[in-house]
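Please open the model in your viewer and keep the sequence panel beside it. The tour below goes from one selection to the next and says what can be found at each stop.

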Amino acid sequence: MKRALLVAAMLLLTLALVACGGGDGDTAEEVGDAQLGQQLFNTGGSTGTGCVTCHTLDGTELVGPSMQGISERAGERVEGQSATEYLRESIVNPSAHLVEGYDNLMPDIYEDALSEDEINALVAFLMTQ
Ligand code: HEC
């Protein structure tokens, strides 16, 4: 009897995971390699200009807003854009939407310099923050 309950619970959990994760590309795992993204965040890859130059992960503000809690805010920044869509656009076209209170100082260099996989990795990493 206990075992049947456990099986039922596991089934429900699986269903819930499938329902939430449903392939909409909106969680870190579905988007890219978050570990690579963390490296790129620190180094900037081939640009040599790490995101850390301007963005912290701990709430401290530098030139740009901190990425602390960004995965929760990103989906609410621009109407009609999901969190991952917004993050991608913020990287490839930084002047498309400016965060209130900040100037247009983010370099527009990442789209050309980074590969699609690298941009995906950055988005995935930000979705873990
Ligand atoms: C020279 C400074 C600078 C660098 C380097 C930089 N950014 Fe930015 N970034 C900014 C500024 C300033 C803003 C706020 C203005 C705007 O929205 O463009 C911003 C905004 C953002 C936003 C939107 C944040 C929000 O709260 O909505 C994201 C996401 C972002 N940057 C990601 C990155 C990533 C990823 C990298 C590295 C690949 C990076 N930035 C490199 C300065 C920088």
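Begin with the whole chain, coloured by accessibility if your viewer allows it: of the 129 residues in the protein, 29% are buried. Please keep in mind throughout that this is a predicted model. Switching to a cartoon view, you will find seven helices and zero strands, so that, because helices and strands are taken here as DSSP runs numbered from the N terminus, the labels can be followed along the chain. Read from the N terminus on, the order of elements is α-α-α-α-α-α-α.

**The ligand and its surroundings**

Select the ligand next, and show the protein around it. The ligand sits in the largest cavity, and 26 residues are around it, of which Cys51, Cys54, His55, Tyr86 and Met106 come nearest. If you colour this shell by residue class, 18 of its residues are nonpolar, six are polar and two are charged.

Which helices each supply at least two residues of the shell around the ligand? They are α4, residues 70-77, and α5, residues 83-92, and it is α5 that gives the most to this shell, with four residues.

Now display the oxygen atoms of the ligand and look for their polar partners in the protein. A side-chain N or O atom of Arg77 is 2.8 Å from an oxygen atom of the ligand. From the backbone, an N or O atom of Pro94 lies 3.2 Å from a ligand oxygen atom, and a backbone N or O atom of His97 is found 3.3 Å from an oxygen atom of the ligand.

**From His55 into the loop between α3 and α4**

Stay with His55, which is among the residues that come nearest to the ligand, and show its side chain in full. His55 belongs to the loop between α3 and α4; its relative accessible area is 12%, and the residue is therefore buried, since the cut-off for that class is under 20%. A polar atom of the His55 side chain lies 2.7 Å from the backbone oxygen of Pro65.

Gly64 is the next residue to select, and it is found in the loop between α3 and α4. With a relative accessibility of 8%, Gly64 counts as buried. Measuring from C-alpha to C-alpha, you should find 9.6 Å between Gly64 and Gly101, although the two are 37 residues apart in sequence.

Thr49 also has its place in the loop between α3 and α4. Is Thr49 buried or partly exposed? Its relative accessibility is 29%, so Thr49 counts as partly exposed. The C-alpha atoms of Thr49 and Pro107 are separated by 9.0 Å, while along the chain these residues are 58 positions apart.

**Helix α3 and the aromatic pair**

Move to helix α3 and pick out Asn42, which is found there. At 44% relative accessibility, Asn42 counts as partly exposed. A distance of 5.5 Å separates the C-alpha atoms of Asn42 and Val52, which are 10 residues apart along the chain.

Then select the aromatic side chains and look for rings that pair: the count comes to one aromatic pair. Phe41 and Phe125 form this pair, with 5.4 Å from centre to centre and 55° between the planes, and it is classed as tilted. Why does the pair tie together parts that are 84 residues apart in sequence? Phe41 lies in helix α3, residues 34-43, whereas Phe125 lies in helix α7, residues 116-126, so the pair links these two parts of the chain. Both Phe41 and Phe125 are buried.

**Last stop: the loop between α4 and α5**

Finally, go to the loop between α4 and α5 and select Gln81, which has its place there. At 17% relative accessibility, Gln81 counts as buried. Display the side chain of Glu89 together with that of Gln81, and you will find the two joined by a polar contact of 2.8 Å.

Notes. Residues are numbered from 1 along each chain as its sequence is written. This is a predicted model: local features need pLDDT of at least 70, side-chain atom pairs count only at pLDDT 80 or more; totals for chains, interfaces and linings use all residues. Side-chain values use heavy atoms; hydrogens and water are left out. A residue is near a molecule or strand if one of its heavy atoms lies within 4 Å of it. A polar contact is a pair of N or O atoms within 3.5 Å; within protein, one must be able to donate a hydrogen and the other to accept it, and residues adjacent in sequence count only if both atoms are side-chain atoms. On a 1 Å grid over the protein atoms alone, a cavity is a set of points where a 1.4 Å probe fits but cannot get out, and a pocket is an open set with protein on both sides within 12 Å along at least five of seven lines; lining residues have an atom within 4 Å of a point. A molecule sits in a cavity or pocket if more than half of its atoms lie within 2 Å of its grid points. Ala, Val, Leu, Ile, Met, Phe, Trp, Tyr, Cys and Pro count as nonpolar, Asp, Glu, Lys and Arg as charged, and the others, Gly among them, as polar. Rings of Phe, Tyr and Trp (its six-membered ring) pair if their centres lie within 6.5 Å; planes under 30 degrees apart count as stacked, over 60 as edge-to-face and the rest as tilted. Buried means under 20% relative accessible area, exposed over 50%, partly exposed in between (1.4 Å probe, protein chains only).
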